[in-house]
Each structure stands twice: as C-alpha cells, then as structure tokens.
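Trainee: Hi, have you got a few minutes to go through a model with me? I'd like to start with the whole chain and then look at some details.

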Amino acid sequence: MGKFLAFGEIMLRLSPPGRELLMQTPRFDVWVAGAEANVVTQLAKLGHDVGIVSRVPDNDLGQSAITTLRGHGVDVRHLQTGGERMGLYFVTSGAGMRATEVIYDRAGSSFAEAPVSAWDWDAILDGVTRLHLSGITPALGPVPAESAIAAAEAASARGVAVSFDGNWRGKLWARWDSDPRGILTRIVEHADLMFGNHRDIALLLGRDDFGGDGEDRRRAAAEAAFARFPKLMTIASTARHVEHVDLNRLSARIDTRDDHAQTPETVLAGIVDRIGGGDAFAAGVLHALLNGHGIAAAAETGLALAALKHSLPGDAALFRQGDVDAFLAGGLDVRR
C-alpha cells in the first residue's frame with residue numbers, strides 16, 4: 001500500500017473535566033490534537049505505514065506530542081522542532097441543549113511561523129504514495145497557506161496521490177485578510193479524493209444552486225465539483241442531524257464520477273465527545289480504500305469509526321480492526 005503522509009499542525013487540546021464550564025475549576029484534561037495527526041493516529045492503529053510532517057517547539061510540550069504520536073505507531077522523522085510555542089485550543093464540552101464551544105490559542109505557533117522553505121518536499125515525499133492535507137493549514141495565515149499549496153503541487157508533480165479534507169474553520173480564516181476560495185481551489189486542483197459536503201463545494205465553486213435537497217443536492221454538488229476539478233475522482237461526506245448535544249444521527253456518503261454509496265443513519269446516543277469525528281471518518285474511508293475495498297465498504301467503515309469516536313474523550317480515534325468489525329456486526333452487549 002505504500003507510505004501515507006499527512007501535513008499539518010499538531011496542537012494540544014485542553015478541556016475542563018467532565019461537562020464543566022471553562023475555568024469552573026482550575027483543572028484541564030490535555031490531549032495531543034490536530035486534524036491531520038488524528039487521521040494518521042487512527043490509520044496507524046489499523047496497521048498502516050503512516051507519518052506526519054509538522055513542527056513543534058523544542059520543549060516539554062513539543063516533546064510530549066512527539067512521544068505520543070511515536071507511541072501510537074506514527075513515523076515522526078519529518079516532525080521538526082523549532083519555534084517558540086505550541087498551538088493550543090480549548091474545548092468546553094456541551095451537554096443537553098448547551099453546545100460545545102471551542103477557543104483557539106494558536107497564533108504565532110511553531111508550525112504557523114515555519115517558512116515555506118522549511119519543508120524539503122523532495123526528501124519528504126520520497127517513497128510516499130499518498131499525502132493528506134486539510135483546509136485548516138491554509139486557514140492559519142498566508143505563509144501556512146503557501147506551504148499547503150506547495151505541498152499539494154510537489155505531491156502532484158511527483159505522482160503522489162493527494163487527499164484533502166475541507167475542515168472549514170471560519171474563526172481562523174477571519175483572523176487575516178484571506179481568500180479561502182482562491183487558496184483552497186489551488187489545493188483541491190491536485191486532489192483525487194476530497195472530504196467535504198455540498199457546503200464545502202459551494203465555497204469552492206462560488207455557487208449554491210445545486211437544487212433539490214438531501215441526496216439529490218449532494219449528488220448535484222458532487223457532479224459540479226467533478227466538472228470543475230479534473231483530477232478529483234472521489235468525494236466522501238457525512239450528514240449530521242442534531243437532536244441535542246447527547247443525541248445525534250449520522251450518515252455517510254461517497255460519490256465517484258459514475259457511482260455513489262449512501263449509508264442509513266446511525267443514532268449516536270450518550271455522546272462522550274464528538275470532536276475528531278470527522279477525522280475518524282476520513283481515516284475509516286482511507287483505510288478501506290487503501291485496502292482495496294469499494295466505496296460502499298468505505299462509507300460503512302468511515303461511518304463506523306466516526307460513530308465509535310463519539311464514545312471516546314480526546315481528539316483522536318484509537319480503534320483496532322476488531323472494534324470496527326464488532327460495530328458493523330451490531331450488538332452492544334458486553335464482550336466477554
């Protein structure tokens with residue numbers, strides 16, 4: 001299957017214990033975090049040869065991230081040290097009718113301050129078969145945006161497949177004089193696989209006239225994206241209906257140029273933590289496709305890992321193949 005590599009910022013996530021409000025008591029639970037790190041962590045747990053390209057400060061915070069990712073089986077040889085600070089974000093978990101809230105503290109981070117020249121793509125991409133990027137990296141500022149574009153261009157020029165997760169972060173884009181559509185288009189032009197729904201496609205195309213609703217609208221949006229981006233072959237997405245914070249319904253869909261696969265909705269009750277669910281979905285889809293399975297199996301596997309992630313605190317899903325198989329087989333009784 002070859003080497004799978006992801007490029008993006010590694011952070012620390014801090015959350016008050018349980019369902020407390022931020023600073024209700026002076027304690028935090030801390031996890032290594034970041035969309036791209038979440039994807040490679042779950043893929044490593046599923047037995048894939050994965051690595052990450054990033055930059056963290058050379059201090060105890062940065063070293064803890066390196067140690068954690070290495071411990072999960074992620075290759076960290078291209079994880080640089082340098083810069084002054086670790087990117088942070090704070091998550092206050094919601095409950096009932098109170099929504100989860102996120103506060104970012106990542107401006108001026110080691111990764112965000114890395115120059116475009118920090119990344120030697122000739123060396124980094126040697127032996128790599130797929131590079132995974134997300135829309136979070138270009139949202140960090142003009143220099144990370146250029147780095148993400150350079151990564152996509154370098155991979156494309158070397159015949160390395162590119163997957164891209166939209167991961168829209170409006171708060172980050174709003175911090176600078178950005179051009180999300182123009183920047184993201186330059187990345188997606190090199191991708192064969194995109195994670196995103198009709199809203200992500202509307203942003204890329206500057207239009208939202210896909211018509212219909214539900215599955216018809218998602219198919220129309222996918223066809224419009226395929227028409228605009230010649231290299232794009234597959235689009236994977238989820239649809240979520242929120243009853244309240246602890247009760248959601250989730251389904252998954254994959255569109256190709258001449259086919260599609262749609263799962264039924266799965267009820268997610270008693271949600272522990274939904275942060276990272278999209279990354280778990282991406283990892284599940286990638287896992288199935290990397291193993292040569294069809295799009296129906298990929299949609300089901302992505303949905304399984306996304307659903308399982310809702311049962312686990314922290315950012316990353318940490319499940320094995322047996323967990324996925326058990327979920328797909330059904331049944332929630334105690335395993336003895």
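Mentor: Happy to, and we can go from the overall fold to single residues. This is a predicted model, where local features need pLDDT of at least 70, side-chain atom pairs count only at pLDDT 80 or more, and totals for chains, interfaces and linings use all residues. Residues are numbered from 1 along each chain as its sequence is written, and side-chain values use heavy atoms, with hydrogens and water left out.

Trainee: How many helices and strands are in the protein chain?

Mentor: The protein chain has twelve helices and 14 strands. Both are DSSP runs numbered from the N terminus, with at least four residues (H or I) for a helix and at least two (E) for a strand.

Trainee: And what's the radius of gyration of the protein chain?

Mentor: The protein chain has 19 Å, which agrees with the value near 20 Å for a compact globule of 336 residues. The radius is taken over C-alpha atoms, and the globule rule is 2.2 Å times the number of residues to the power 0.38. Along the principal axes, the C-alpha atoms fill a box of roughly 50 × 45 × 40 Å.

Trainee: What share of the residues is buried?

Mentor: Buried residues are 54% of the 336. Here buried means under 20% relative accessible area, exposed over 50%, and partly exposed in between, using a 1.4 Å probe and protein chains only. As for contacts (heavy atoms within 4.5 Å), 67% of those with a separation of 6 or more link residues 24 or more positions apart.

Trainee: Switching to helices, which residues of H1 are buried?

Mentor: Eleven of the eleven residues of H1 (residues 35–45) are buried, so the helix is largely enclosed by the rest of the structure. Among them are the charged-type names Glu 36 and Lys 45, along with Val 39, Val 40 and Leu 43. After H1 comes Gly 47, with a positive phi near 95°.

Trainee: What about H9, how far does it reach?

Mentor: H9 (residues 214–228) has 15 residues and reaches 22 Å from its first C-alpha to its last, close to the 21 Å expected at 1.5 Å a residue. That expected span is 1.5 Å times one less than the number of residues. Its buried residues include Arg 218, Arg 219 and Phe 226, and the buried residues of H9 pack against helix H8 (198–205) and strands E11 (234–244), E12 (247–256) and E13 (260–262).

Trainee: Is Phe 210, in the loop between H8 and H9, buried or exposed?

Mentor: Phe 210 is buried, with a relative accessible area of 9%. Not counting residues up to four places away in sequence, Phe 210 touches His 198, Ile 201, Ala 202, Leu 205, Arg 217, Ala 220, Ala 221 and Ala 224.

Trainee: Last topic, backbone angles. What is phi of Met 23?

Mentor: Phi of Met 23 is near 65°, a positive value in a residue other than glycine. Most residues other than glycine have a negative phi. Met 23 is in the loop between E2 and E3 and counts as exposed at 54% relative accessibility.

Trainee: And where does Asn 167 lie?

Mentor: Asn 167 is in the loop between strand E9 (161–165) and helix H6 (170–173). Its phi is also positive, about 40°, although Asn 167 is not a glycine. Asn 167 is buried, with a relative accessible area of 13%.
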